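Colleague: Can you walk me through this one? I'd like to start with the packing.

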Amino acid sequence: MTGLLEPRAIGAALERIDGPAKVTGTAPYAFEHPVTDPTYLHPVQATIARGRITAVDTGPAEALDGVLAVITHENAPRLAAGQDAELAVLQSDEVAFRGQFVGAVVAETPEIARHAASLVAVSYDKQPHDVELHWDRDDLYVPDQVNPGYPTDTAQGDVGAALAEAGVTVDETYTTAWYHNNPMEPHTTVARWDTATHRDGADGLTLYDSTQGVHSVRSAVAPVLGLEEDRIRVIAPHVGGGFGSKGTAHAHVVLAAMAARVVTGRSVKFALTRQQMFSLVGYRTPTIQRVRLAANGEGRLSAISMDVVEQTSRIKEFAEQTAVPARMMYAAPNRSTTHRLAALDVPVPSWMRAPGECPGMFGPEVAMDELAVACGLDPIELRIRNEPEVDPESGRPFSSRNLVACLREGARRFGWLDRDPTPAARRNGGWLVGTGVASSTYPTYRMPGSVATIRFGLGGRYQVQIGAADLGTGTWTALTQIAADALDVGAERIELQIGDTALPKASVAGGSSGITSWGSTIVDAVRVFRDKFGNDPVEGDEADAATPENPDSDRFAMHAFGAQFAEVRVHEDTGEVRVPRLLGVFAVGRVINERTARSQFLGGMTMGLSMALHEQSVLDQRFGHVVNHDFAEYHIATNADVGTIEAHWIDEHDPYLNPMGSKGIGEIGIVGTAAAVVNAAHHATGIRVRDLPVTLDKLLR
Ligand code: MOS
């Protein structure tokens, strides 16, 4: 049942439109676009975490046959001053973190470039670095706001008094590790600088980039390079994952563009190695979370408080919104949240799948489990008792909130109802067995500023143009379905065009806002098209529309919800952890494509499992770098790490979101999984792990 011929295609399990091209190897990823005269870039990276470059010897590298250019801060083209320090590539002799670019070689082959880069000798005046995140640092500071624009701190009522008077309290500190996004396709930019051949004869830059947003890359690099936007074209039809690390342009894009200018007329191909990705393309900041809950004996919360300490880099602030979900999740009259940052000599942190919600639901969802144990209450019942009537933060009603329905449906499907809450009470052949639950949530965003064009073309097909990105999530397919539904034609009559700045402008694939934003825009463009041309257009008829504003967005709090269940087995003698079952139930409005939606949920849950059990970027504080910077030592969950994994959703009708009735689904799957695993491990063993990952040493008595 592909739904391919269904006239109204929303909801159908349409097979991926890009699937055949991908499995036959013909879908071009950034590195694979055929270019004439390719050259290859290999960077030189700083080997100190803080200091100054005192000398660079490029002689031996330049002397190699096949080397076209060696670029350092001494000869690099000047970039526009005052820009984003992460993007100010090779503009000074200062080193702000280990692994930062200090040079680049462009050569005729990748092997020559790599060898030559190893011959560039950089001397440093090394200064003491500081890369250690601690709760009690005396230089923690208060950022002006946290991402993507929330207040840093919030307070209502009197948390201290509520804690002092409460019958039951939890006051614990939880930590999440450094995580690296690690998409399958490495960050890649192919850059070409043409003189007088591009556009209307002016000089211009073409970038084949692995990105979550062609227009956002263009608008980030244009001012840095001192170019008008219309002199840059960014192309990205297919992307092999990003998880946020391709949501903003990082330094490698600028470096490739700079190199292309140095070897004008040649194409510069730059694919980062896996190891380089551990210092250059962002990561999720580690977090330290103090969570305090106060409740009466029936488990009704009187206070929720969350204080977060996290890191940013010295050259650029990134303030993860870790405590933001605690502001809206449960009812309590007294509440407070704070964020404090340490600016360290570390690589620049950035977006990673469910920034804020993913780390920020870990501490609170484990704390809720601790409270349930303290109150002698079922953890699902505890959550139901603290379900808010309206958003506790803003006082607005939720456009829809079906957390309770997800908890109940999950409990039914998982077989929760006959659960004995006693910890460490079930054994099976040397294994202690437990089950755990945690809530998920993610906001529903609609980004402004996209434009979609509908054009009636040859063969009765509708061209739908929007510069959106498909980072592997299913955008090609879902937008085709939305357009088919809006036009009331079969999906086979839609010719979608995305992934190119030559197309109408589109917002970034971030914040799970792609389909909600671009879909709303396409539906509006169809409305304009039908108003103008009716149902019998002629070839060449064309209409466009910009993303409409949502009049309901100020009236309602809009969030997706979910409930995640885990079964965990811990070996009595060795502490080994196994996860035989994961099950999630989500409430995400209308599902556009059940096939691609399921893979988003399962992917998110797998990444959450990975966070629970394996993932951790280990810093060597002596040198300031991540030592396990490859897939041999940075472990990511695979099929063997879980028995069965299931994702379900409930029927949710929310008329306030957008014309499709959909909420974003790319990120919610990772939210809550780690807490569910930790809670199940406690149920299995009686041991409460508060610091991720849940490695076996933490479960030995
Ligand atoms: Mo997502 S981390 O907002 O690209």
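Colleague: What is Phe565 in contact with, leaving aside its neighbours within four places in sequence?

Modeller: Phe565 touches Ile380, Cys406, Leu407, Gly410, Ala411, Phe414, Trp416, Gly436, Val437, Arg581, Leu582 and Leu583, with those neighbours left out. Contact here means heavy atoms within 4.5 Å. Keep in mind that this is a predicted model, where local features need pLDDT of at least 70 and side-chain atom pairs count only at pLDDT 80 or more, while totals for chains, interfaces and linings use all residues. Residues are numbered from 1 along each chain as its sequence is written, and side-chain values use heavy atoms, with hydrogens and water left out.

Colleague: Which residues have the most contacts inside the largest nonpolar core?

Modeller: Phe565 is one of them, along with Leu293, Leu301 and Leu371, and that core has 103 residues. Apart from it lies another core of 78 residues, among them Leu87, Val89, Ala222 and Ala257. A nonpolar core is a set of buried Ala, Val, Leu, Ile, Met, Phe, Trp, Tyr and Cys residues joined through side-chain atoms within 4.5 Å. Buried means under 20% relative accessible area, exposed means over 50%, and partly exposed is in between, using a 1.4 Å probe and protein chains only.

Colleague: New topic. How many residues of helix 13 are buried?

Modeller: The number is 12 of 13, so helix 13 is largely enclosed by the rest of the structure. Helices (H or I, at least four residues) and strands (E, at least two) are DSSP runs, numbered from the N terminus.

Colleague: What covers those buried residues of helix 13?

Modeller: The cover includes strand 19 (462-465), strand 20 (494-497) and helix 14 (514-533).

Colleague: And how far apart are the end C-alpha atoms of helix 13?

Modeller: They are 18 Å apart, which agrees with the 18 Å that residues 475-487 should span at 1.5 Å a residue. The expected span is 1.5 Å times one less than the number of residues.

Colleague: What follows helix 13?

Modeller: Asp488, whose phi is positive, near 60 degrees. Asp488 sits in the loop between helix 13 and strand 20, and is partly exposed at 45% relative accessibility. Ala354 also has a positive phi, near 55 degrees. Ala354 is in the loop between strand 15 (334-344) and helix 9 (357-360), and is buried at 0% relative accessibility.

Colleague: Why point those out?

Modeller: Because most residues other than glycine have a negative phi, and most peptide bonds are trans. On the second point, the bond from Asn147 to Pro148 is cis, with omega near -15 degrees. Pro148 lies in the loop between strand 6 and strand 7 (154-156). Leu692 and Pro693 are also joined by a cis peptide bond, with omega about -5 degrees.

Colleague: On to charges. How many salt bridges are there?

Modeller: The count comes to 36. A salt bridge is a side-chain nitrogen of Lys or Arg within 4 Å of a carboxyl oxygen of Asp or Glu.

Colleague: Which residue pairs with Lys246, and is that partner buried or exposed?

Modeller: Glu185 pairs with Lys246, the closest N and O atoms being 3.4 Å apart. The pair links distant parts of the chain, 61 residues apart. Glu185 is buried at 10% relative accessibility, and Lys246 is buried at 2%. Another pair is Asp93 with Arg52, at 2.8 Å. Asp93 is partly exposed at 24%, and so is Arg52 at 34%.

Colleague: Where do Arg412 and Glu409 lie?

Modeller: Both are in helix 12 (residues 403-414), 3 residues apart, about one turn of the helix. Their salt bridge has its closest N and O atoms 2.9 Å apart.

Colleague: Last topic. How many cavities of 30 Å³ or more turn up?

Modeller: The search finds 5, and the largest cavity has a volume of about 80 Å³. On a 1 Å grid over the protein atoms alone, a cavity is a set of points where a 1.4 Å probe fits but cannot get out, and lining residues have an atom within 4 Å of a point. Grid points are joined across faces, edges and corners, and a volume is the space filled by probe spheres set on the points.

Colleague: Which element gives the most to the lining of the largest cavity?

Modeller: Helix 10, with 3 residues. The lining of the largest cavity also includes Leu293 and Leu301, which were named earlier for their contacts inside the largest nonpolar core.

Notes: On a 1 Å grid over the protein atoms alone, a cavity is a set of points where a 1.4 Å probe fits but cannot get out, and a pocket is an open set with protein on both sides within 12 Å along at least five of seven lines; lining residues have an atom within 4 Å of a point.
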